[in-house]
Amino acid sequence: LIFFCLYMGLRWFAVRRDLRSRSGPSALVVSVLVILLLAAIHPILAMLGGRVVVLAIVSLAVRMSWTSRVTALRVPLRINAVLLAVLGGVIAMRTVLTVMHSPSTAHLAEVMSGSTIWSVTPLMLSFLALFVAETNRRLHDETRVDVLTGLRNRRALEEAASREARTSASGRSAV
């Protein structure tokens, strides 16, 4: 559930449109029910099923973050995608080590457990960076549009005139 909420929050930043289908939440409910059924059979199967679902959600979030078209948030979203990929790699390694379950991998599994915390912390900081970048984008837009009319104000017109003057001076076409 935590990773699904993470995906939905990231979706707001990266896609900028409402969830149109209910397939995601429906798939989550089915996944939870399957994991509960697997838990009744064997706890290791439930853990593996849960990690497969988490890895699927993380891979969707990585793809969505990396391919976002929101230019103002491109850098923080790509950093977020890299950190999510690292977290996914840690989860995948922990899964492999758990399945192998040999005495030689027991210590490594414990180290990987600690590395999950170290990979989640930068991820949370990247979400903070996304929030700051979004707030800056909003403030930039709000200071250039008249609230009453919705038209560009003097500051926006001066910036556009300056940009066009630079374009004209460099000899490029403004079209």
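Here a biologist asks a modeller how the terms used for this structure are earned.

Biologist: What kind of model is this, and how are its residues numbered?

Modeller: It's a predicted model, where local features need pLDDT of at least 70, side-chain atom pairs count only at pLDDT 80 or more, and totals for chains, interfaces and linings use all residues. Residues are numbered from 1 along each chain as its sequence is written, and side-chain values use heavy atoms, with hydrogens and water left out.

Biologist: How many helices and strands are there in the chain?

Modeller: Six helices and zero strands, giving the pattern α-α-α-α-α-α along the sequence. Helices are DSSP runs of H or I with at least four residues, strands are E runs with at least two, and both are numbered from the N terminus.

Biologist: How do you know that the span of α6 agrees with what a helix should give?

Modeller: The expected span is 1.5 Å times one less than the number of residues. Helix α6 covers residues 154–170, so its 17 residues should span 24 Å, and its end C-alpha atoms are indeed 24 Å apart. Helix α3 passes too: it has 24 residues and reaches 34 Å from first C-alpha to last, close to the 34 Å expected.

Biologist: What sits at the two ends of α6?

Modeller: Asn 153 caps the N-terminal end, with a side-chain oxygen 3.2 Å from the backbone nitrogen of Arg 155. Just after α6, Gly 171 takes a positive phi of about 90 degrees.

Biologist: Why is Ala 61 called buried?

Modeller: Buried means under 20% relative accessible area, with exposed over 50% and partly exposed in between (1.4 Å probe, protein chains only). Ala 61 has a relative accessible area of 0%, so it counts as buried. Ser 65 comes out at 1%, so it is buried as well. Both Ala 61 and Ser 65 are found in α3, whose buried residues also include Gly 49, Val 54 and Ile 57. Across the chain's 175 residues, 27% count as buried.

Biologist: What covers the buried residues of α3?

Modeller: The cover includes α1, α2 and α4 (74–100), judged by contact, meaning heavy atoms within 4.5 Å. Leaving out residues up to four places away in sequence, Ala 61 touches Tyr 7, Leu 10 and Leu 84. On that basis, the partners of Ser 65 include Leu 10, Leu 77 and Leu 84.

Biologist: What makes a space count as a pocket?

Modeller: On a 1 Å grid over the protein atoms alone, a pocket is an open set of points with protein on both sides within 12 Å along at least five of seven lines, whereas a cavity is a set where a 1.4 Å probe fits but cannot get out; lining residues have an atom within 4 Å of a point. About 280 Å³ of space lies in the largest pocket. Its lining includes Tyr 7, Arg 11, Arg 63 and Met 64, and α1 (2–14) and α3 (43–66) each give two or more residues to it.

Biologist: And what is the second largest pocket lined by?

Modeller: It is lined by 13 residues, with Phe 4, Gly 24, Ala 27, Ile 57 and Leu 60 nearest its centre. Helix α2 gives the largest share, five residues. About 220 Å³ of space lies in this second largest pocket.

Methods:
Polar contact = N/O pair within 3.5 Å; in protein donor to acceptor, adjacent residues only side chain to side chain. Points joined across faces, edges and corners; volume = space filled by probe spheres on them.
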